[in-house]
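The following note sets out points for consideration on a predicted model. Please read the points alongside the coordinates.

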Amino acid sequence: MKSHPNSQEVLEALGDKIVESLGAAVFRARNDLDDYRSTFPEFVADASERGLANWIHDRLWSHLIANLEDSGTVQFVDSGPTREILLDDTYRLRIKRHDAHGRVASYPTATANAFFEQLSLELQLDGGTEVRLIAGYRWVPESREIGPAVLSYRDGVDNLVWMVELPEPSHGEPAVPIAGPSVPPQPQFGLPDADGRSGTIQQ
């Protein structure tokens, strides 16, 4: 049976600067969306789900670069549709919105599927590959608002292993695991995606 790093191990390895920067980027993107909505409410009301998701993604990416570009251990990859953050040649992060059960939307390309697959913990520790993570936020579809900052680890796009909420400047609590039941597949965000399915969320 494949073993995986738990959330506490990953958070400690990432370090406070990375974890706090991920939370701060979501906090600032949420403020950007509030400003956008108050200044141009009709633009936000008319935006498609995909268009609004892309707008938020751009704001998150901009804040992450501002927060982390002076760190010598961080590399940014921005190539066409692919945006990734590489940390110490060990962790590879992508930025995505999560639904309430931790599912993410992704086109089921070979590259995307390869990213979501994890090798065993033993191979990871032996230098076999990076640990792949998804950072971002939980989306509140009813109000079209940015929820808490989160970090998730999955082994396959539909197999969520764990998800934690990250501290943000507004409250500063430590990252905590999120528990939730398995849920049936549902369409997400109005975007093309493989069937969504979440497993048990563990620490």
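**Notes on helix packing and the nonpolar cores**

1. A25 lies in helix α2, which covers residues 16–39. The residue is buried because its relative accessible area is 0%, against a cut-off of under 20%.

2. Beyond its neighbours within four places in sequence, A25 is in contact with L60, H63, L64 and N67. A25 and A149 are 124 residues apart in sequence, yet their C-alpha atoms are 8.6 Å apart in space.

3. L60, H63, L64 and N67 also appear among the buried residues of α4, together with L52, A53, I56, W61 and L68. An α-helix has 3.6 residues a turn, so residues three or four places apart point the same way.

4. Helix α4 comprises 20 residues (49–68), and at 1.5 Å a residue these should span 28 Å. Its end C-alpha atoms are 28 Å apart, so the model agrees with the expected length.

5. The largest nonpolar core contains 38 residues, and L14, L93, L133 and L151 have the most contacts inside it. At least two residues of this core come from each of α1 (7–14), α2, α4, β2 (82–87), β3 (91–98), β4 (131–140), β5 (145–154) and β6 (160–165). Helix α2 gives the most, with eight residues. In soluble globular proteins, nonpolar side chains tend to be buried together.

6. Outside its neighbours within four places in sequence, L151 is in contact with V10, L11, L14, L22, L93, L133, I134, A135, W162, M163, V164 and L166. A second, separate core has six residues, among them V104, A112, F115 and F116.

Notes. Residues are numbered from 1 along each chain as its sequence is written. This is a predicted model: local features need pLDDT of at least 70, side-chain atom pairs count only at pLDDT 80 or more; totals for chains, interfaces and linings use all residues. Side-chain values use heavy atoms; hydrogens and water are left out. Helices (H or I, at least four residues) and strands (E, at least two) are DSSP runs, numbered from the N terminus. Buried means under 20% relative accessible area, exposed over 50%, partly exposed in between (1.4 Å probe, protein chains only). Contact means heavy atoms within 4.5 Å. The expected span of a helix is 1.5 Å times one less than its number of residues. A nonpolar core is a set of buried Ala, Val, Leu, Ile, Met, Phe, Trp, Tyr and Cys residues joined through side-chain atoms within 4.5 Å.
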